[in-house]
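Colleague: I'm new to reading protein models. Could you walk me through a few features?

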Amino acid sequence: MTTAKPELLDRYECNGFRFPDRDYYDRHVVFDHVVQMASATQRERFEAVARTLRDLLTQRWIKTAETYDRANPKQVYYLSMEFLIGRSLLNNIINLDVEQFVRDDLQSDPRQDWKQVLETEPDAGLGNGGLGRLAACFIDSLATLLIPAIGYGLRYDYGIFRQELVNGQQVEHPDPWLNRPDPWEVPRPADQVSVPLASSFAVQGGQINVRRGQPMHFLGIPFDRPVVGYGGKTINTLRLWQAATPDVFDFGEFSSGDFFGAVSDRVLAESVTRVLYPDDSTPRGRSLRFIQEYFLVRCSLTDIVHRFRDRGNDWPALPDKVAIQLNDTHPAMAVPELMRILLDEAKLGWDQAWDLTIRTLAYTNHTLLPEALEKWPVELFEALLPRHLEIIYEINRRFLNDVQAKYPGDEAKLAHVSLIEESGTRKVRMANLAIVGTHSTNGVAAIHSELLRTKTVSDFAELFPDRFNNKTNGVTPRRWLLLANPDLAKLLTDAVGDEWVTDLSALKKADALAKDSGFRGKFLAAKRGAKVRFVDWLKSNAGISLDPDSLFDVQIKRIHEYKRQLLNAIQCIVWYNRLRTNPKLDLPPRTVLFAGKAAPAYRLAKVIIKLITSIAKRVNSDPATRGKLRVEFLPNYSCTLAEHLIPAADVSEQISTAGYEASGTSNMKFMMNGALTVGTRDGANIEIAEEAGEENCFMFGLTTEQVINSRGWYNPTWHYENEPETRATLDLIFDNHFSAAEPGIFEPIRETLLAKGDYYMHLADLTGYVETQQKVSALYGDRQAWATKSIHNVARSRKFSSDRTISEYARDIWNAKPCPVE
């Protein structure tokens, strides 16, 4: 790259950087790929830019690690099955504060195209939804706040899956994001970890069978990625583990003609990190997922303990130097694993080991859904991790003795809080284990934490009242405003300064500008600019054409009944029917956009996707709705799609059944970008309405208490029989109006809504939801009034920065302090 301007070079040297010259970039293109510059592909050019940036940050990355080793601070270790980090190039450029320099440099090279460089990078296949995106925001904030931290996850070969729509139905394909070398990661084979299992596996007749009593072990190979804090002062590490086998090739079996047997151990071992969340609807899938979670815990805790001891610390200092955060129940095996290390390797007594374990570990709960509170069959522990099961049994024995002493004769309570579920197939309750074995259990929104404490695990809250707390989620404004929405970011910086990038509370100064007609005009121009960029990007990437002057009504989430994409689809039919009846209905043009993936084994979620695409096909081709209503399901939802779509959204659909969404984070991103929330009083929606003011949101629907209290008598058939518009709308689905070529395909929808009782209460909230959408349409017609409310949302989004959330974790749970890098 060309030599930096003197003032830029001085600035980078002041920050500990010296930007590479053009020769670095040229050398990476030519020598990494052995090609002439003129014939290099866009992928090769992207890799060269990324490696040049990695060269720039490497010394600071090394210095960060050296500082932590020398200063020996308390360090945070964040364990998560997901890190939905998306693309890294632009994020790292912005956090290093070298964006304009790189843009200018690439624009001076006729062989490069800035947009193509950015579009060439694949999204890292390391996550699926809100859990993984939250983890990514958290590690960004940890580095920006100068807090010593390492994220631990798995290096999936294919991520979750690549979603394709075939005849309107979801079809899953592998997501080969690692087909080409990832320029950001650094393999660390010297730090590999051995992962033992008490049983091994054999392939016989095409089936994988467990061989009990024949131990095996495989390896965890770490790959490190830089986590660049804003300003580049601290560069923390995301360490991802890949599974491998010690002996990749059995020469004897190969020579005897068993060609598959010669590599079967390698194939089986590598399956552990092949995909995120393997289908657990089969015994083999459950076994793989169980091993996957143990693999993450074993590798990570081995690495953590090695760092702790390598810095000269004694065992009693463990909670003073190490804070391990379990992101949901997936890493809950950290409780028995840490106990195993302290008992079997450190040779500590039980009481001391248990005290150190509890004070070192903390647990974040992300759900109130029973199916998400994991339970693993005891037989899996018996076959694969018998020592861990012994430890769990002993933890449970001592715990139940304490409970019995406090509540003598209360057998029901004992059965409810036990770590072992005795009914049916005996299982280990991982959420119970996580609560008992840690010093902190936090929810992720005020209402979620309250329901967790008073409903879901109320017995534990009674036993350990001081352990329960709330940490409302947040998102990083660097990724979701500065990077994703450059026009709005510039407008805000021009108006209030750039302090908001690292202190979102600075945006409160923009609140008064909602009254300024000139600022409102600029705000609306920035919104339209974002919509035009999204429309252009979508046309280029998906071949879908949209009207940027229509109202963009957006719901982007994992497809699940409780998130109620079905409710949104039904209201689309309501408006479709009204427009067919009265084509002159005065409504602003509306584009309803859905995106999200359904779990491969979740049949009803897939049927909902098919319904949405079928509605879209019919609505978009009907002359009565043309130019007034459009419906689209955007395939293969990803972090990159969200970065383009969220800044363009006018309406944020947050319509889960009250009491089921733990928090949500997309609601925060939409708010930060000026979309108005249409939402139920669920998760963080409640706090968004409190911060923005309910007058600046569109809240509707049953409350959590109303949902709970109506369980005994709610009858969805009443709505169908007594509400003519509801009946007419549903009959279009049931009578194959949207499925003439596939009659009966939506029968599961009828069963869910009527025959099975509409558990998530779609019909109870439908009328109120449609009335709310009428209010949305009326307000959108007054562009100045709409802009006023949008500006208030942006200016009052300060609570929902992940910097605030991480500061609270560091203060209240981890007792972790900043450790500036010299």
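Modeller: Sure, starting with a definition: a polar contact is a pair of N or O atoms within 3.5 Å; within protein, one must be able to donate a hydrogen and the other to accept it, and residues adjacent in sequence count only if both atoms are side-chain atoms. Here the side chains of Arg796 and Asp511 are joined by such a contact, at 3.0 Å. Keep in mind that this is a predicted model, where local features need pLDDT of at least 70 and side-chain atom pairs count only at pLDDT 80 or more, while totals for chains, interfaces and linings use all residues. Residues are numbered from 1 along each chain as its sequence is written, and side-chain values use heavy atoms, with hydrogens and water left out.

Colleague: Where is Arg796 placed? And is Arg796 buried or exposed?

Modeller: Helices (H or I, at least four residues) and strands (E, at least two) are DSSP runs, numbered from the N terminus. Arg796 sits in the loop between α33 (783–795) and α34 (802–814). Buried means under 20% relative accessible area, exposed over 50%, and partly exposed in between (1.4 Å probe, protein chains only). At 17%, Arg796 counts as buried.

Colleague: Which residues is Arg796 in contact with, leaving aside neighbours within four places in sequence?

Modeller: Contact means heavy atoms within 4.5 Å. For Arg796 the list includes Asp511, Met671, Glu691, Ala692 and Gly693. Ala692 is also one of the buried residues of helix α27 (residues 685–692), and Gly693, which follows α27, has a positive phi near 95 degrees. The cover over the buried residues of α27 includes β22, β23 and α33.

Colleague: How do I read a sheet?

Modeller: Two strands pair if DSSP finds at least two bridges between them. This model has an open sheet of 6 strands in the order β20-β19-β18-β21-β22-β23, with parallel pairing. β20 (629–634) and β23 (698–699) are the edge strands, each pairing on one side only. Further in, β21 (residues 651–654) and β22 (residues 676–679) pair over 4 bridges, with Val651 opposite Leu676.

Colleague: And packed helices?

Modeller: Two packed helices are described by the angle between their axes and the distance between the axes. Axes are lines fitted to C-alpha atoms, for helices over the stretch in contact, and angles run from 0 to 180 degrees between N-to-C directions. Helices α30 (residues 724–734) and α31 (residues 747–755) pack at about 145 degrees, their axes 9 Å apart. Leu730, Ile733 and Phe734 of α30 meet Ile749, Arg750, Leu753 and Leu754 of α31.
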